[in-house]
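Look at the chain as a whole before turning to single residues. A good habit is to ask of each part where it sits and what it touches.

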Amino acid sequence: MTNLATLLVEAAVRFPRRPAVRLRETVLTYAELDELSAHVAGGLSAHGVRAGDRVGTMVPYAPAFPVLYFGALRVGAIVLPMYPRTPSAAARPRGAARGARLVFTSHDAEGADDGEMSDTTVVPVGPGFLAQIEFWPQAHDVVDRADDDAAILVPAGGPAAGSAGLALSHGALREHAAVAARRAMEQTSGPGASEVPCTGQSHGLNAVILAGACLAVGEAGATRAASCDPPGYAAAATVLRE
């Protein structure tokens with residue numbers, strides 16, 4: 001099984017109590033991140049999301065992003081990271097949302113009522129979101145995906161580009177994560193020895209989880225990391241070296 005979500009599942013087994021994500025006072029251990037992502041997977045499944053469907057996320061610099069990211073991957077969905085400076089389609093017809101069945105957003109979306117009548121369901125992500133999803137059903141199983149199946153769809157040319165997307169596969173992202181994780185471990189005293197500043201988006205996140213490190217979202221290094229071009233995996237390596 002090559003689903004990228006197995007990175008988290010395996011890490012949670014190896015070191016469940018180790019901090020995985022931190023934003024100021026909010027800390028999620030690997031076990032907690034794994035459990036919460038299973039709740040997201042259960043909620044998505046209950047909503048009818050299946051393998052190959054697209055799930056949009058507009059929750060930068062927040063612990064909710066890794067939870068939603070791995071939750072969507074668990075059910076075999078394709079994650080669409082969306083960015084504040086990209087014209088948001090969260091409250092617009094499904095075509096404008098690049099085919100997303102659901103869009104999780106922490107940003108106020110103008111015309112949300114219209115979005116609810118479209119094919120895209122808008123799910124608000126507020127301060128109490130992590131507590132809320134603990135009441136969602138859980139789906140601990142990870143849907144099998146092939147190496148060449150898409151895991152992430154990012155705008156071609158970076159977050160500021162238009163709606164055209166570049167698909168990144170489960171297999172390619174696993175390989176890139178392994179390279180970046182090795183680089184990180186070479187410059188620390190061991191896995192998880194330091195916190196890694198990152199935007200909270202997918203490229204650095206994969207390597208951080210594989211290395212058993214703690215993702216420090218919204219920290220000073222986030223601004224520098226945000227300038228990296230998402231399709232190039234040099235982004236993750238750069239983040240891990242900071």
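What follows goes from the whole chain to its core, then to two helices, a hairpin and a few single residues.

The model shown here is predicted. Its chain contains nine helices and 10 strands. Of its 242 residues, 53% count as buried. The area that the chain exposes is about 10300 Å², and carbon and sulfur atoms supply 52% of that area. Contacts can also be sorted by how far apart the partners are in sequence. Among contacts with a separation of 6 or more, 68% are between residues 24 or more positions apart.

Next comes the interior. In soluble globular proteins, nonpolar side chains tend to be buried together. In this chain the largest nonpolar core has 50 residues, and L44, Y69, F104, F129 and I209 are those with the most contacts inside it. Helix α3, residues 64-74, gives the most to this core, with eight residues. To see one core residue in its setting, take F129. Not counting residues up to four places away in sequence, F129 touches A64, L68, F104, V123, P124 and W136. Two of these partners, A64 and L68, also appear among the buried residues of α3.

How much of α3 is covered? Of the 11 residues in α3, 11 are buried. They run from A64 to R74 and include F65, Y69, F70 and L73. After α3 comes G76, with a positive phi near 85°.

Helix α2 can be read in a similar way. It covers residues 30-46, which makes 17 residues. From its first C-alpha to its last, α2 reaches 24 Å, close to the 24 Å expected at 1.5 Å a residue. Because 12 of its 17 residues are buried, α2 is largely enclosed by the rest of the structure. Among the buried residues of α2 are Y30, L33, D34, H39 and L44. Just after α2, G48 takes a positive phi of about 100°.

One residue of α2 deserves a closer look. H39 lies in this helix, and with a relative accessible area of 11% it is buried, because the limit for that label is under 20%. The side chain of H39 reaches the backbone oxygen of I133 at 3.4 Å. Leaving out residues up to four places away in sequence, H39 touches I133, E134, W136, P137 and Q138.

A second histidine can be set beside H39. H170 is found in helix α6, residues 170-186. Its relative accessible area is 0%, so H170 is buried. The side chain of H170 reaches the backbone nitrogen of L4 at 2.9 Å. Apart from neighbours within four places in sequence, H170 is in contact with a list of residues that includes T2, N3, L4, L73, R145 and D147. L73 in that list is also one of the buried residues of α3.

Now turn to the strands β1 and β2. These two run antiparallel and are joined by four bridges. One bridge pairs V21 with L28 in β2. The two strands form a hairpin with two residues between them. R24 lies in the loop between β1, residues 19-23, and β2, residues 26-29. Is R24 buried or exposed? R24 is exposed, because its relative accessible area is 56% and the label requires over 50%. Its phi is near 55°, a positive value in a residue other than glycine.

Two loop residues show how positions far apart in sequence can be compared in space. A51 is in the loop between α2 and β3, residues 54-58. With 39% relative accessibility, A51 counts as partly exposed. A51 and V143 are 92 residues apart in sequence, and their C-alpha atoms are 7.5 Å apart in space. Not counting residues up to four places away in sequence, A51 touches V75, G76, A77, V143 and R145. The G76 in this group is the glycine that follows α3.

The other loop residue is A213, in the loop between α7, residues 202-211, and β10, residues 214-217. A213 counts as buried, at 7% relative accessibility. It is 194 residues from P19 in sequence, while the C-alpha atoms of A213 and P19 are 7.7 Å apart in space.

Conventions
Residues numbered from 1 in each chain as written. Predicted model: local features only at pLDDT ≥ 70, side-chain atom pairs only at ≥ 80, totals over all residues. Heavy atoms only, no water. Core = buried A, V, L, I, M, F, W, Y, C linked by side-chain atoms within 4.5 Å. Buried < 20%, exposed > 50% of the residue type's maximum accessible area, 1.4 Å probe, protein only. Contact = heavy atoms within 4.5 Å. Polar contact = N/O pair within 3.5 Å; in protein donor to acceptor, adjacent residues only side chain to side chain. Areas by Shrake-Rupley, 256 points an atom, 1.4 Å probe, with all protein chains shown as cover. Expected span 1.5 Å × (residues − 1). Pairing = 2+ DSSP bridges.
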